[in-house]
Structures are given as structure tokens and as C-alpha cells.
Amino acid sequence: MRIGISCYPTLGGSGAVATELGKALAHKGHEVHFIVADIPFRLGEFHQNIFIHEMDTVTYPVLRTPPHDFSLAALMADVIVERELDILHTHYALPFAVCGFLARQMLGDHHPVRHVTTLHGTDITVLAQDKSLMNVIRLGIEKSDVVTAVSRDLARQTSDLIQIDKPIMPIYNFVDTDQFRPVHRPLVRQCFANPDEHLLLHISNFRRVKRLPDVLNVFDQVSRSVPARLMLVGEGPDLALAHEMVRSLHIEDKVHFLGRQDEVAELFACADLLLLPSEKESFGLVALEAMASGVPVIGSTAGGIPEVVAHGETGWLAPVGDVDGMAKYAISLLQDNGLYRKFSENARARAVSLFNVHDKVAEYEAVYESLLGNRK
Ligand code: GMT
């Protein structure tokens with residue numbers, strides 16, 4: 001098939017999922033065209049069957065801001081025609097699903113290209129809650145031929161929150177379990193912790209929904225009970241707040257701020273626990289990447305996290321904001337070697353059996369094929 005993929009190219013789970021999907025599809029022999037504002041951060045080196053179409057930015061004094069979304073929609077339409085795409089797969093409702101709709105309008109009603117949209121989370125749980133955006137997001141969803149969501153919870157929330165009858169098909173996110181796997185990385189690990197210390201990890205875009213204060217308060221409690229250090233990976237609006245809290249908790253010597261990192265598999269491999277206390281989380285790709293690396297997760301019960309992390313088997317989950325509960329869970333796991341080993345093995349096994357890249361890519365292919373079958 002010839003498949004166009006449009007997504008946010010910068011740091012973020014939706015871009016990571018879209019890029020990994022494109023790479024896996026290209027690896028299976030499909031022709032994949034990324035229609036993007038920039039080169040997706042996870043793309044890495046050259047890949048056979050992958051083509052990049054970068055959007056141009058138009059500026060003109062009359063325009064208050066460059067008309068990015070219209071430029072993207074026009075580029076989508078051009079690529080669909082020139083490369084004879086069968087499928088356009090947009091990731092994240094805004095602007096991508098809506099740009100896809102506009103692109104198809106430009107091509108006319110009878111153009112055979114089919115449009116799939118994958119909803120990722122805050123496109124529904126935050127943006128679609130804004131009255132000024134709800135209708136345009138609903139339009140993008142209603143006009144897509146098939147809409148998928150990355151968890152059952154997000155599928156349910158989409159139907160409830162924006163009241164549409166269109167079926168939303170859950171297709172879970174996935175992980176490359178060869179890339180993310182339990183391996184000893186003593187040389188990397190010794191950069192962050194002494195042999196007798198536990199190493200905790202948090203990775204995010206440091207937005208309010210990630211609850212950085214909870215990450216630090218949980219870690220503070222843990223490090224008072226067991227020797228521990230924390231790696232904070234990422235950047236975003238709450239970075240300054242995190243620095244401030246680290247200073248006020250006097251844990252500067254125990255917390256490593258690593259900033260934005262594109263290659264994180266090694267960091268997962270040397271961590272002991274992942275902290276994910278989010279307020280909203282449609283899926284929690286980092287939780288899955290941790291589990292694939294044999295790292296249990298201490299997190300909240302928000303959104304789709306309980307579909308990824310099996311409470312009491314691959315990690316422990318507590319209600320959003322229950323810092324004491326999460327800290328107790330983390331301490332109990334770190335103090336019990338046997339239980340820790342069991343959780344670590346369970347985590348890896350769950351990631352391999354339920355969320356492996358091969359099965360999930362096959363689910364997307366089946367969606368595309370069913371649409372092309374209907375088209376014939
Ligand atoms: O919705 C967002 O916050 C952005 C998005 C992203 O691009 O990182 O994250 C969402 O999509 C990821 C990939 O499907 C999910 O793993 C994240 O859970 C989800 N984030 C939220 O729901 C907060």
C-alpha cells in the first residue's frame with residue numbers, strides 16, 4: 001500500500017507512535033510518505049520505502065501567523081495525487097484530522113484515497129473540551145473513514161465527551177521489544193547511581209498533566225527510606241517548577257536533569273522503577289517502554305494507564321494525587337527483591353505478549369485493507 005502519515009514531528013508520544021508505525025510499515029514493504037512540518041524525531045537514519053514531504057512556511061505581512069494548517073492540508077492533497085496514496089493516516093485530531101478532511105475536499109468527492117485518524121489523548125481530553133475547538137475536532141473525526149484511539153478509555157471518553165455516534169476502534173500503542181529490553185548497562189547506570197542505590201526514572205514533556213510535583217514528592221519519600229536517585233528526562237513548561245522543588249526539598253544531589261533525550265532505551269534499561277503519576281494519560285507510552293525494559297511502573301490510575309500497567313503484577317497504581325500511596329508502593333517493591341524480580345519479569349512478558357509492534361501494525365494494516373476493499 002502507499003500510505004501517507006501526518007503527525008507532530010517533535011517530542012511527544014503521538015509523533016513517536018506515528019513514526020514507529022511508519023518505520024514498521026515500510027519495513028514490511030509498504031511505501032510510506034511522512035507529510036510533516038519537520039523530520040520526525042524518531043526517524044533516525046535512512047529507511048528504505050520511507051519518503052519525507054516537508055511543509056513550506058508561508059509568511060506575508062497581512063497574515064498574523066503563518067497559515068501552517070492550510071499549507072499542511074495543501075501538501076497532503078499534493079502528495080496524495082502525486083504519489084497516488086491509498087491511505088492518509090493522521091495522528092492527533094488537531095490539526096491533522098482536520099487537515100486531512102480539507103485535503104480530501106480539495107481532491108473532490110470521488111477521489112479514492114481513504115482517511116484514518118488515530119486519537120492520542122489530549123486532542124480529546126483537553127483540546128476538545130475547549131468550546132472553540134470542539135466542533136472542528138468533531139468534524140475531523142466524523143469525516144475520517146475510520147477513527148482509532150490508543151486505549152479503550154480514550155475511545156470511551158471520545159464518545160462521551162464529544163458525543164459522536166461514530167465507532168471509535170481501540171488499537172493499543174506498541175513497543176519494539178528488541179529495542180526496549182532488559183539489559184545490564186553498568187557503564188550507563190554508574191553515571192547516575194552508586195551500586196547500592198536504586199535508580200528511579202520519569203520521562204515526559206513536563207506539562208501540568210504529568211504532575212511533576214508528585215514525581216518529586218514520591219521520590220523524596222522513597223529516598224528517605226531507601227538509597228535512591230532520580231533521572232528526570234524531558235523538558236517543558238514545568239521544568240523551572242521542578243528545579244525549584246528540587247531545591248526546596250534539598251534533593252539536588254539525588255536528582256539528575258537529563259533534558260530532552262531522543263535515544264531513551266538505554267536509560268530505561270538502567271532504571272529500577274518508572275514514576276508516572278499523571279492526571280491525564282490516554283495510554284502512557286513510557287509505561288509500556290519501561291515494562292518492555294523489565295522496569296515496573298508506579299503510577300496513577302488515570303485514563304488508560306490501568307490498561308497498560310497490570311496493578312499488582314507489573315507495577316502499582318494509586319488514585320491521581322495519592323503521593324503517599326505511590327511512595328509506599330515504590331518502597332515496598334524496592335525493599336523486596338523477590339517481588340521486584342517477579343514484577344520485572346511480568347512487566348516484560350506483558351509488553352511482549354500484548355503490545356508488541358508486529359501484532360499492532362498488523363491491526364492497522366487490517367484497517368487499511370478493509371477500507372481499500374470497500375473502495376473496490
Ligand atoms: O496528548 C498528549 O498529551 C500528547 C500526546 C503526545 O504526542 O505525546 O500524548 C498522548 O499520546 C501518547 C501516544 O499515544 C500517549 O502514550 C499519551 O498517554 C498521551 N498523553 C496524554 O493522554 C496526556
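The ligand lies between two domains, because domain 1 (2–174 + 356–375) and domain 2 (186–354) both give residues to the shell around it; the domain bounds come from an automatic or database assignment. This is a predicted model, in which local features need pLDDT of at least 70 and side-chain atom pairs count only at pLDDT 80 or more, while totals for chains, interfaces and linings use all residues. Residues are numbered from 1 along each chain as its sequence is written, and side-chain values use heavy atoms, with hydrogens and water left out.

**The shell around the ligand**
- The ligand has 17 residues around it (a heavy atom within 4 Å), and Gly 13, Ser 14, Thr 122, Arg 207 and Glu 281 come nearest.
- By class, 9 of the shell residues are polar, 5 nonpolar and 3 charged; Gly counts as polar here, and Asp, Glu, Lys and Arg as charged.
- Helix H1 (residues 13–27) gives the most to this shell, with 3 residues; helices are DSSP runs of H or I with at least four residues, and strands are E runs of at least two.

**Polar contacts and burial**
- Polar contacts are pairs of N or O atoms within 3.5 Å.
- An N or O atom in the side chain of Thr 122 is 2.2 Å from a ligand oxygen.
- Polar side-chain atoms of Ser 14 and Glu 281 each lie 2.6 Å from an oxygen atom of the ligand.
- Taken alone, the ligand exposes 470 Å², and the protein buries 94% of that (Shrake-Rupley method, 1.4 Å probe).

**Backbone points to check**
- Most residues other than glycine have a negative phi, and most peptide bonds are trans.
- Leu 94 and Pro 95 are joined by a cis peptide bond, with omega about 0°, and Pro 95 is found in helix H3 (residues 93–107).
- Asn 49, not a glycine, has a positive phi of about 75°; its place is in the loop between strand E2 (31–36) and strand E3 (50–54).

Note on methods
A polar contact is a pair of N or O atoms within 3.5 Å; within protein, one must be able to donate a hydrogen and the other to accept it, and residues adjacent in sequence count only if both atoms are side-chain atoms.
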